[in-house]
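Subject: Handing over the two-chain model

Dear colleague,

I am passing this structure on to you, and I would be glad if you could take it up from here. Please have a look at it first; what was found in it follows below.

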Amino acid sequence: MQGGSSGIGYGLKYQARCISDVKADTDHTSFLAGTLSLKEENEVHLIRLSSSGNELFCEGLFSHPNEIWDLASCPFDQRIFSTVYSTGESYGAAIWQIPELYGELNSPQLEKITSLDTNAGKTKCILWWPSGRHDKLISIDEESLFLWSLDVSKKTAQVQSHNSAGMLHNLSGGAWDPHDVNSVAATLESSIQFWDLRTMKKTASIECAHVRNVDYYCKRKHIIVSAEHESGMHIWDLRKAKVPIQELPGHTHWTWTVKCNPEHDGLILSAGTDSTVNLWLASSSSNDELKTESQVDSPTPWVDPLLNSYTDYEDSIYGLAWSSREPWIFASLSYDGRVVVETVKPFISKK
Amino acid sequence: MGTDEVPLDDKAKRMRDLLSSFYSPDPSMPPNSGNSSSKYATLDDINSTSFDPDQYMNILATKSNLEGLLQRHVEMAAEIKNLDTDLQMLVYENYNKFISATDTIKRMKSNISGMETNMEQLLEKIMSVQSRSDTVNTSLFEKREHIEKLHRTCNLLRKVQFIYDLPDRLGKCTKSEAYADAVRFYTGAMPIFKAYGDSSFQDCKRASEEAIAIIIKNLQVKLFSDSESMQTRAEAAVLLKQLDFPVENLKAKLFEKLEQSLTDIKLNPEEINTASVDPSPFASAHEAAVREFVEAVRAFRVIFPESEKQLVKLAQDLVTKHYVITQEYIKKRICSADLLGVLRVIWSDVLLMDEVLQEASLPHHSVEAAKVAVKLYVSSVFSHLLQDISDSLLKKDGAEYSLEVALDASTKVVLEGSINALLDLHKILDDDLGLLIRLRELTIDWVQEGLQDFFRQLEDRLLLFSGRNNSSAIQDHGLTEGFQGDKAFPGLILVLAQLSAFIEQTAIPRITEEIASSFSGGSVRIHDSGPAFVPGEICRKFRSVGEKFLHLYVNMRTQRISLLLKKRFTTPNWVKHKEPREVHMFVDLFLQELEDTSSEVKQILPQGIRRHRRTDSNGSSVSSRSNPLREEKLGRSNTQRARSQLLETHLAKLFKQKVEIFTKVEYTQESVVTSVVKLCLKSVQEFVRLQTFNRSGFQQIQLDVQFLRTPLREMVEDEAAMDFLLDEVIVATAERCLDPIPLEPPILDKLILAKLAKTREQNTVSP
């Protein structure tokens, strides 16, 4: 496909699963990527897109003690990020700080601000307060949800509240609602659960099989996109959660992750184990009323929601991140450690 | 010479004119002056009254040459000579007349002198005759007066006699059934009865009224009796009317009777068509009834000439009723012959009635109703066909549901059913019934439209069977429910897929042919939107739907296996795995599922050509060029042999071409099974990547994969891709293993053999 060649590549040394946009860096388009190597020394790469936009270079390389299963950059401090790591037998989570003057050190070590130890099951992911400076963090492990209060200066983190999802549930990940900071969506085996952070109680759930990943629309309230193993992707309106408002076919094999564009609602990226990244344009209109109307008589000209399929990958893709600084740019990370940055500009301008 | 004749004629005419003007009292007004004077009223006209000789001479002298003047002179001289002779003749003639007139006057004078005396005598005689006649007249006057009086009395007496005789006479008339006379008598007597009925002729009046009442009664009886001839009945009606009898009542009554007779003419389609003999007893009975009705109508019209409107309504109601019954009948699933039978009966009825009631425009009415009926029939034919197909797909008598049978049945129903339906409908076109000939073009359109609609609905129905997956709404539930629910089990989906392919590839072309040969040229709407049946569109639809189904089938099968795999790979703690003792039992379940799939597939899909696809890669793919890092990593493993073994697989991969994994699913057994296997193995790889293994865990996976290799090879069409994926699983496990030391081949073999032996044993025990 045409998109394949336009990407800018960057190789991590090892296999990798996670990449994150450095939101707090307003001067550069940067991404953080962490490797997943069982036996080798793992690394965190700070990758920066050159100002000309056609080259990726390594801004910093830091060793990380364990293989990284999840990585999230702090939204208010570009030097802080969180990882979820595995020692082979157990999982842990920690907040790290990139040392100052790292460029001058030979093998810069990450400063561990604090670890988020819960003594509970496998930690799955860390969620930062959606935007702005705030000390709240959420960690999700298999059974429960923890709300942490982080004090960077004192380098401590305390559990503010937590609750268990119940014995039979198996949380796998989640997303923090950018429009309602008291609400968090968590993915389970066969549903998406919504938690109210004030009470730490489950408020609602969407029945939905094999959810792998969810993401909220950034500009429109109440809309969430889910990626499912077997059956593609669904877009839900939380107010009418029985029925998805749209279904997208997803990938040939599992649809692994889904990311909504920070600026353009309806512009969705998905990545899957069939080694492709798909760019979708969900049928959306700015007005909710219009939306429902157009749903009623929707056999109007049907457009393929798939805008483009990027196929120039060698292995399954687990990592995907939009740049929040330049919202037409995204980075994808395939299992073989290759970071590819692409622009979707040609497809946005088409609209 | 023509030129000479005209002036000669002119001359004679002028002469006559001149002469007559001479004799006529007013010279300015000659008899034909209007004509001639206007013609010659020029200055040089010698004949005009305003002739001026000097001017004439001047004109002549200036206009003509000498020769012309000379000639004119000669002409003039001759003309003057002629005039002279004519004048002499006239004088002579008039003189003669004058002499004879004098003679006549002389004779008259002598005759008149004797006449006066004769006249006086005549007057005298006439006077005496007159006086005599007067005397006779006066003497006879009295007698004449008397006679006249007598005559008047006699007349009066005769009249009275007539009145007194009237009851008897009426009675006699009644006896002899001369009702017309009776009525005439009675109406004649009526004024008298009116004037004197209350006094002198009271008895007489009563008697005659009684008689008339009897007559009226008789007339009514006559009117209502069907046995009487129509004329007599009509006469009776007329007579009743003359008697000032309230006929409207009678009319209403008679009309009611007519209506009653109508209810007897009830169309019974079953009986029309069940009879084996050609003019079935019902049909003939029906026809007789209709004929009777027609006769009745005819009579009615004669009797009450202003009753058309009611009759028209009645007849139209009858026709409408017929069609209502027909429509009911159509709902009962009939063949076109039956429909034709019914329509034929109706049409014959209509024609019969049309003879007597042309105002009702029954044929038109009937054509309109028949349009509805035929359209209904066409749509019912297709809806029945749709029902048949659904039935054949969902037929489940007993627990056994053979996919093969279902597929056979459904393809057969689709093809034969639709062809039969078309043949059946074609009978309607072939029929020469006048009614249907008018509908022919419309029928063709309806059939085409119907067919188009049918396929559209069939598609919807198939989608419905597949678990409502077109309404994306409930798909997730549909999928989960699909496992228990009887609607969308994978086998059915597969049947649907193959059925769609069959429709696209076989049925549609065949039907298109049929349409082209029998239903072409329906054209009422051909100009605005083209023929209603668009095979291309249908084909496209079914192709995509078929692919969708096939895909869905693969997905459903994969999902079942996926659940199994998920359980297998997420449950155990791989880091603390024990040393492998035997091939894990999930392999059996996995193979069992695949077995189920392939047995289903074998029932339905054709066998494909076995081939190894290693060619062009346009689909998405997974790396086959392996990462040098991996080898490096493996290089460090402890056991030399094991390492070299792994290295081998890696190196082998290096030299293989990039293998396609996700290829398009085709309608063959192998392609479907292969797709399922590929998707499952890919899932295994992904599951493995999410775990961390110790050495034993790795060895367990190695063992299981090794065991799977052979049976899978049997099933799969694309061995290269399968091998590649199995290798990928091992590589992925090795990558996720803390201590990737493979099992020694002898141990591997031993364990596999043990497993095989055990399976064999089970197989010999179980069946």
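In chain B, residues 24 or more positions apart account for 80% of the contacts with a separation of 6 or more, while for chain A the corresponding share is 47%. Please keep in mind while reading that this is a predicted model, and that every value given here was computed from it.

Let me begin with the make-up of the two chains. Chain B contains 27 helices and 0 strands, whereas chain A contains 3 helices and 28 strands. Of the 767 residues in chain B, 43% count as buried, and of the 351 residues in chain A, 60% do. The area that chain B exposes comes to about 42500 Å², of which carbon and sulfur atoms supply 56%; chain A exposes about 14100 Å², and there carbon and sulfur atoms supply 48%.

Within chain B, one pair of helices was examined in some detail, namely helix α20, which spans residues 535-570, and helix α24, which spans residues 669-689. Their axes come within 9 Å of each other and cross at roughly 35°, and the crossing of α20(B) past α24(B) is right-handed. On the side of α20(B), the residues that make the contact include B:Leu550, B:Tyr553, B:Val554, B:Ile561, B:Leu565 and B:Phe569, and on the side of α24(B) they include B:Val672, B:Val676, B:Leu679, B:Cys680, B:Phe687 and B:Val688. Taken together, the residues of this contact divide into 13 nonpolar, 5 polar and 2 charged; B:Arg557 and B:Lys566 of α20(B) are also among those that take part.

Elsewhere in chain B, you may want to look at B:Leu343, which is found in helix α13, made up of residues 336-356. Is B:Leu343 buried or exposed? With a relative accessible area of 0%, B:Leu343 is buried, since the cut-off for that class is under 20%. Apart from its neighbours within four places in sequence, B:Leu343 is in contact with B:Tyr323, B:Val374, B:Leu433, B:Leu435 and B:Leu436. Of these partners, B:Val374 lies 31 residues from B:Leu343 in sequence, and the C-alpha atoms of the two are 9.6 Å apart in space.

Turning to chain A, I would draw your attention to two of its sheets. One is an open sheet of 4 strands in the order β10-β11-β12-β13, with antiparallel pairing. Its edge strands are β10 (123-128) and β13 (156-164), each of which pairs on one side only, and the twist from one strand to the next averages 25°. Strand β11(A), residues 136-141, pairs with β10(A) in the antiparallel sense over 5 bridges, and here A:Cys125 stands opposite A:Ile140 of β11(A).

The other is likewise described as an open sheet of 4 strands with antiparallel pairing, in the order β14-β15-β16-β17 of chain A. Because β14 (173-176) and β17 (201-207) stand at the edges with a single partner strand each, one side of each is left without a neighbour in the sheet. Neighbouring strands of this sheet are turned by 25° against each other on average, direction ignored. Strand β16(A), residues 191-196, is joined to β17(A) by 6 bridges, and these two strands run antiparallel; A:Trp195 stands opposite A:Lys202 in β17(A).

Two residues of chain A deserve a note on their backbone. Most residues other than glycine have a negative phi. A:Met200, however, has a phi near 55°, a positive value in a residue other than glycine. A:Met200 is found in the loop between β16 and β17 of chain A, and at 4% relative accessibility it counts as buried. A:His222 also has a positive phi, of about 70°, although it is not a glycine. A:His222 is found in the loop between β18 (211-216) and β19 (223-228) of chain A, and its relative accessible area of 31% makes it partly exposed.

With best regards

Methods. Residues are numbered from 1 along each chain as its sequence is written. Chains are lettered from A and ligands numbered from 1 in the order in which they are written. This is a predicted model: local features need pLDDT of at least 70, side-chain atom pairs count only at pLDDT 80 or more; totals for chains, interfaces and linings use all residues. Side-chain values use heavy atoms; hydrogens and water are left out. Axes are lines fitted to C-alpha atoms, for helices over the stretch in contact, and angles run from 0 to 180 degrees between N-to-C directions. A crossing is left-handed if the near helix is turned anticlockwise from the far one by less than a right angle, and right-handed if clockwise. Contact means heavy atoms within 4.5 Å. Ala, Val, Leu, Ile, Met, Phe, Trp, Tyr, Cys and Pro count as nonpolar, Asp, Glu, Lys and Arg as charged, and the others, Gly among them, as polar. Buried means under 20% relative accessible area, exposed over 50%, partly exposed in between (1.4 Å probe, protein chains only). Accessible areas come from the Shrake-Rupley method with a 1.4 Å probe; for residues, only the protein chains shown count as cover. Two strands pair if DSSP finds at least two bridges between them.
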